[in-house]
Amino acid sequence: MKMKNIAFLLSLLLTASPVSIKAFAVESSAVQTAEESETYTVNFVDFDGKVIDTQKLKSGEAIDYSRPDTDSLKCNVDPFTQRKFYTWDIHPETVSENTTIHALYTEAVISLDALPSKTVYSLNDTNIDPSGLKVTITMSSQTPDFDDNGNRIMNVSKTDISSTCTLSPNNVKDAFADSDSAEIQIYPIASSTPVGSYTVTLDFLRGDVNFDGVVNASDASDIIRHYAACSIGVNDGFTALQKRAADFNCDGVINASDSSDVLIYYADISSGN
């Protein structure tokens, strides 16, 4: 009787075992199928957090990094600041959860750090002197890492481009053709917009209308000739700077009095007074 009971129990276990195994297999298959069919969202965002591309992918599918238009992220913040795409903050190959991928930028900034030191010229000078000028390009690139304040850590480098900049006008006589002061524009290489400017002045000798460095009878003669030409409405070609030099007594007009004063001055100088 005891053997019969054991046989009966074994029979029940053997009968139930295939059913349990089959149920477990079906359940596992359902779980696996559910996982494989799970869809996730991958958002690519620009420098300001705006979504530029969205991809709906199943678990394990590859993320397509060629889809976001990174060329459109290039922009000029201002005439001397250019920003463009550098890299993504993360680079997962496949998707396993909802993911946001941020664009990181590299930025180039041209800055005027120091002006040329020479600001006073004479007509014996030839060119505007750039000595002391300092213009730099600062390159800053975002990294995926953050500092203690929650700001992205930047890699920064500087390059001095002063020697490639252009001063305009560069010729002294051109600069002071119409005035005894001039604004000099500073242009970075390949730029049509000046990064800055400064004022230079001309230290000229009043009465020296031919700009030979001395005041003498020749200047007095040129002044009276100019006065005579103006009296009959003839343009003798005197420049604005020559006219300022010709007004020896600084009364705002050019006439015989200026010529006479130049002769007196010349005579005093010649006699050692």
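Biologist: Let's start with one residue: is Ala190 buried or exposed?

Modeller: Exposed, with a relative accessible area of 86%. Keep in mind that this is a predicted model. The cut-off for exposed is over 50%, so Ala190 qualifies.

Biologist: Where does Ala190 sit along the chain?

Modeller: In the loop between β10 and β11. Have a look at its backbone too: phi is positive, about 65 degrees, although Ala190 is not a glycine.

Biologist: Which other residue should I check for a positive phi although it is not a glycine?

Modeller: Try Phe211, with a phi of about 55 degrees. Phe211 belongs to the loop between β11 and α3, the helix spanning 217-231. As for accessibility, Phe211 comes out at 26%, so it's classed as partly exposed.

Biologist: Back to β10 and β11, then. In which sense do they pair, parallel or antiparallel?

Modeller: General idea first: strands of a sheet pair through backbone hydrogen bonds, and the arrangement can be parallel or antiparallel. Here, β10 (residues 181-187) and β11 (residues 196-202) are antiparallel, with six bridges between them. To pick out one of those on screen, find Ile186, whose bridge partner in β11 is Gly196.

Biologist: What is the strand order in the sheet they belong to?

Modeller: Reading across, β6-β11-β10-β9: four strands, an open sheet, mixed pairing. The edge strands are β6 (120-121) and β9 (166-168); each has a single partner, so one side of each has no neighbour in the sheet.

Biologist: What comes after β9, and which peptide bond there is cis?

Modeller: The one from Ser168 to Pro169, where omega is near -5 degrees. Pro169 itself is in the loop between β9 and α2 (172-175).

Biologist: Now a strand residue. Is Thr99 buried or exposed?

Modeller: Buried: its relative accessibility is 14%, and the cut-off is under 20%, so Thr99 makes it. You'll find Thr99 in strand β5, which covers residues 99-114.

Biologist: What does the side chain of Thr99 have for polar company?

Modeller: One of its polar atoms lies 2.9 Å from the backbone oxygen of Glu97.

Biologist: And which residues does Thr99 touch, leaving aside neighbours within four places in sequence?

Modeller: Thr41, Val42 and Asn43 are in contact with Thr99, and so are Ile90 and Pro92. Try selecting Thr99 with those five in your viewer, then add Glu97 to see the backbone oxygen we just discussed.

Conventions
Residues are numbered from 1 along each chain as its sequence is written. This is a predicted model: local features need pLDDT of at least 70, side-chain atom pairs count only at pLDDT 80 or more; totals for chains, interfaces and linings use all residues. Side-chain values use heavy atoms; hydrogens and water are left out. Two strands pair if DSSP finds at least two bridges between them. Helices (H or I, at least four residues) and strands (E, at least two) are DSSP runs, numbered from the N terminus. Buried means under 20% relative accessible area, exposed over 50%, partly exposed in between (1.4 Å probe, protein chains only). A polar contact is a pair of N or O atoms within 3.5 Å; within protein, one must be able to donate a hydrogen and the other to accept it, and residues adjacent in sequence count only if both atoms are side-chain atoms. Contact means heavy atoms within 4.5 Å.
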